[in-house]
Amino acid sequence: MPRDDYVRQLMARAKDGTIPQGEVKDIARTISDGRAGRDLYRLLYAVARAGGPSYEPLVASYLIHPEDPEVSALAVQVLTGHWRVGAKYRKEIIELLGSPEWDLSDDAFMAAVSGAGEVLRDAFDAELLRALLKLAEEGRGEYDDDLMQRLAVEAIARALGAGQAESLGPPEGVTRAEWSQGLLKAARDRLHKAPPQL
């Protein structure tokens, strides 16, 4: 079977949960040995989906991956949203929130914004919350600031305990501006009331 067909089928089998663990190990070895090539994203996705958290070290090793920002974004999403272990990787998430210049399409940055909200949902972290607040209030000074600020506000909503649907916009009868300002005030209050972190 041609490699492209295999990889396409692999993605479908990862979603279905039909990849045997022996095959997952072989795929992980291919990645670890640097033999994934242009299929790295899809192979890493398959390992994360079918292999689960036992492959955390492998997935985490791709958090900062200048060669392919989409791979970095995948690693952030898996570690923060799916496996809920993002707090261990706060240093890398903060680095990605700084908009590294290699992240030309903002893939890793946007995943880090969302991931920071997931980390904060699980545990308070003043530095992460400050980074999201700064982004929500000031943007990055780029053409797409409205989008980035909106993503930061939505991440803050998640950090403050909103469910996935509630974090995507205001409830009926409330404007987005009012909703955003209320969330930012709640986040600032949370920062002021927090005990100092060591």
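1. A residue counts as buried when its relative accessible area is under 20%. By that cut-off, 49% of the 198 residues of the chain are buried. The model is predicted, and every value below is computed from it.

2. Start with the fold. The chain holds 10 helices and zero strands. Its pattern along the sequence reads α-α-α-α-α-α-α-α-α-α. The radius of gyration is 18 Å, close to the 16 Å that the globule rule gives for 198 residues, so the chain is as compact as a globular protein of that length.

3. Next, the outline. Along the principal axes, the C-alpha atoms fill a box of roughly 55 × 35 × 35 Å. Contacts are counted here at a separation of 6 or more. Residues 24 or more positions apart make 58% of them.

4. The surface comes next. About 10,600 Å² of the chain is exposed. Carbon and sulfur atoms supply 52% of that area. As for charge, there are 32 negative and 25 positive side chains. The centres of these two sets lie 5 Å apart.

5. Now look at helix 3, residues 40–51. Its 12 residues should span 16 Å at 1.5 Å a residue, and the end C-alpha atoms are 15 Å apart, which agrees. Just after this helix, Gly52 takes a positive phi of about 75°.

6. How many of the 12 residues of helix 3 are buried? Nine are, so helix 3 is largely enclosed by the rest of the structure. Leu40, Leu43 and Leu44 are among them. So are Tyr45, Ala46, Val47 and Ala48. Ala50 and Gly51 are buried as well. The cover over these residues includes helix 1 (3–16) and helix 2 (21–32). It also includes helix 4 (56–60) and helix 5 (69–82).

7. Helix 8, residues 126–138, can be checked in the same manner. At 1.5 Å a residue, its 13 residues should span 18 Å; the end C-alpha atoms are 18 Å apart, which agrees.

8. Which residues of helix 8 are buried? They are Ala126, Leu128, Leu129, Leu132, Leu133, Leu135 and Ala136. An α-helix has 3.6 residues a turn, so residues three or four places apart point the same way. The spacing of the buried residues can be read with that in mind.

9. What covers the buried residues of helix 8? The cover includes helix 6 (90–97) and helix 7 (107–122). Helix 9 (145–159) and helix 10 (176–193) are also part of it.

Notes. Residues numbered from 1 in each chain as written. Predicted model: local features only at pLDDT ≥ 70, side-chain atom pairs only at ≥ 80, totals over all residues. Heavy atoms only, no water. Helix = DSSP H or I, 4+ residues; strand = E, 2+ residues; numbered from the N terminus. Rg over C-alpha atoms; globule rule 2.2 N^0.38 Å. Buried < 20%, exposed > 50% of the residue type's maximum accessible area, 1.4 Å probe, protein only. Contact = heavy atoms within 4.5 Å. Areas by Shrake-Rupley, 256 points an atom, 1.4 Å probe, with all protein chains shown as cover. Lys, Arg positive; Asp, Glu negative; His and termini not counted. Charge placed at Lys NZ, Arg CZ, Asp CG, Glu CD. Expected span 1.5 Å × (residues − 1).
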